[in-house]
Amino acid sequence: MKIELKYKTQKLKKLCTDNFKKARKNWGDETAEALYALIDLLKASSNLQDVNAMQIYNLHSLKGNRAGEYALDIKGRSNSYRLVFIPLNNEVTKENLVMFYKSISIIRIEEVSKHYE
């Protein structure tokens, strides 16, 4: 079974999957290419632990008013863009992160944004 991706809006879905030209205009060539590669990786992965094992994406939980949301660095720590998402399924508590990430196979992408904006 592969990770099922859902999107907060239809516009966001088109930017992340169907409209590469517009994605390049919004985020630049390198970020758009890295975003499409990350989306492909998510689609090919069985669960979030598969993505977490690739440390370049720095899977991490957000804090404060964004608690419950998670982020992946789109092009590693050297790029300030991140993909923010909410896990829609999990069967275990967050005490063991490996098991928690292994239990997540459905996510809803909330936004693509610059970290410090």
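Biologist: Happy to look at this predicted model with you. Among the elements of the chain, which has the lowest mean pLDDT?

Modeller: Glad to help! Strand 1 (residues 4–7) sits at the top of the ranking, with a mean pLDDT of 96. For the chain as a whole the mean is 90, and 94% of its residues reach 70 or more. At the other end of the ranking, with a mean of 84, is helix 5 (residues 97–102).

Biologist: Thanks! How is the chain built along the sequence, and what is its radius of gyration?

Modeller: There are five helices and five strands, and they follow the pattern β-α-α-α-α-β-β-β-α-β. The globule rule gives 13 Å for 117 residues, and the value for this chain is close to that, so the chain is as compact as a globular protein of that length. The radius of gyration is 14 Å.

Biologist: Now to the interior. Which helix gives the most to the largest nonpolar core?

Modeller: That core has 32 residues, and those with the most contacts inside it are Leu42, Leu48, Leu72, Leu83 and Val112. As a general point, nonpolar side chains in soluble globular proteins tend to be buried together. With eight residues, the element that gives the most to this core is helix 3 (residues 29–44).

Biologist: Let us take leucine 72 from that list. Is leucine 72 buried or exposed?

Modeller: Leucine 72 is found in strand 3. Leaving aside neighbours within four places in sequence, its contacts include Leu38, Leu42, Val51, Tyr57, Leu83 and Phe85. Its relative accessibility is 0%, and the cut-off for burial is under 20%, so leucine 72 counts as buried.

Biologist: And valine 112: which residues does it touch, not counting those up to four places away in sequence?

Modeller: Valine 112 is one of the residues with the most contacts inside the largest core. Among its partners are Leu12, Cys16, Trp27 and Leu35. The list is completed by Ile74, Tyr81, Arg82 and Leu83.

Biologist: I noticed some aromatic rings. How do tyrosine 70 and phenylalanine 85 pair, stacked or edge-to-face?

Modeller: There are five aromatic pairs in the count. In this one the ring centres are 6.0 Å apart and the planes are at 25°. The pair links distant parts of the chain, with tyrosine 70 in strand 3 and phenylalanine 85 in strand 4 (residues 81–87), 15 residues apart. Planes under 30 degrees apart count as stacked, so this pair is stacked.

Biologist: Why is the pair of phenylalanine 100 and tyrosine 101 called tilted?

Modeller: Phenylalanine 100 is buried at a relative accessible area of 5%, and tyrosine 101 is buried at 4%. Both belong to one aromatic cluster with Tyr70 and Phe85. Their ring centres are 5.8 Å apart. Stacking needs planes under 30 degrees apart and edge-to-face over 60, so with planes at 50° the pair is tilted.

Biologist: One last residue, glutamate 69. Which side chain does its own side chain make a polar contact with?

Modeller: Glutamate 69 lies in the loop between strand 2 (60–61) and strand 3 (70–73). It is buried, with a relative accessible area of 14%. Further along the sequence, it touches residues including Val84, Phe85, Ile86 and Glu110. The polar contact, at 2.6 Å, is with the side chain of arginine 66.

Technical notes
Residues numbered from 1 in each chain as written. Predicted model: local features only at pLDDT ≥ 70, side-chain atom pairs only at ≥ 80, totals over all residues. Heavy atoms only, no water. Helix = DSSP H or I, 4+ residues; strand = E, 2+ residues; numbered from the N terminus. Buried < 20%, exposed > 50% of the residue type's maximum accessible area, 1.4 Å probe, protein only. Polar contact = N/O pair within 3.5 Å; in protein donor to acceptor, adjacent residues only side chain to side chain. Contact = heavy atoms within 4.5 Å. Phe/Tyr/Trp six-rings, centres within 6.5 Å; stacked < 30°, edge-to-face > 60°. Core = buried A, V, L, I, M, F, W, Y, C linked by side-chain atoms within 4.5 Å. pLDDT = per-residue confidence, 0-100. Rg over C-alpha atoms; globule rule 2.2 N^0.38 Å.
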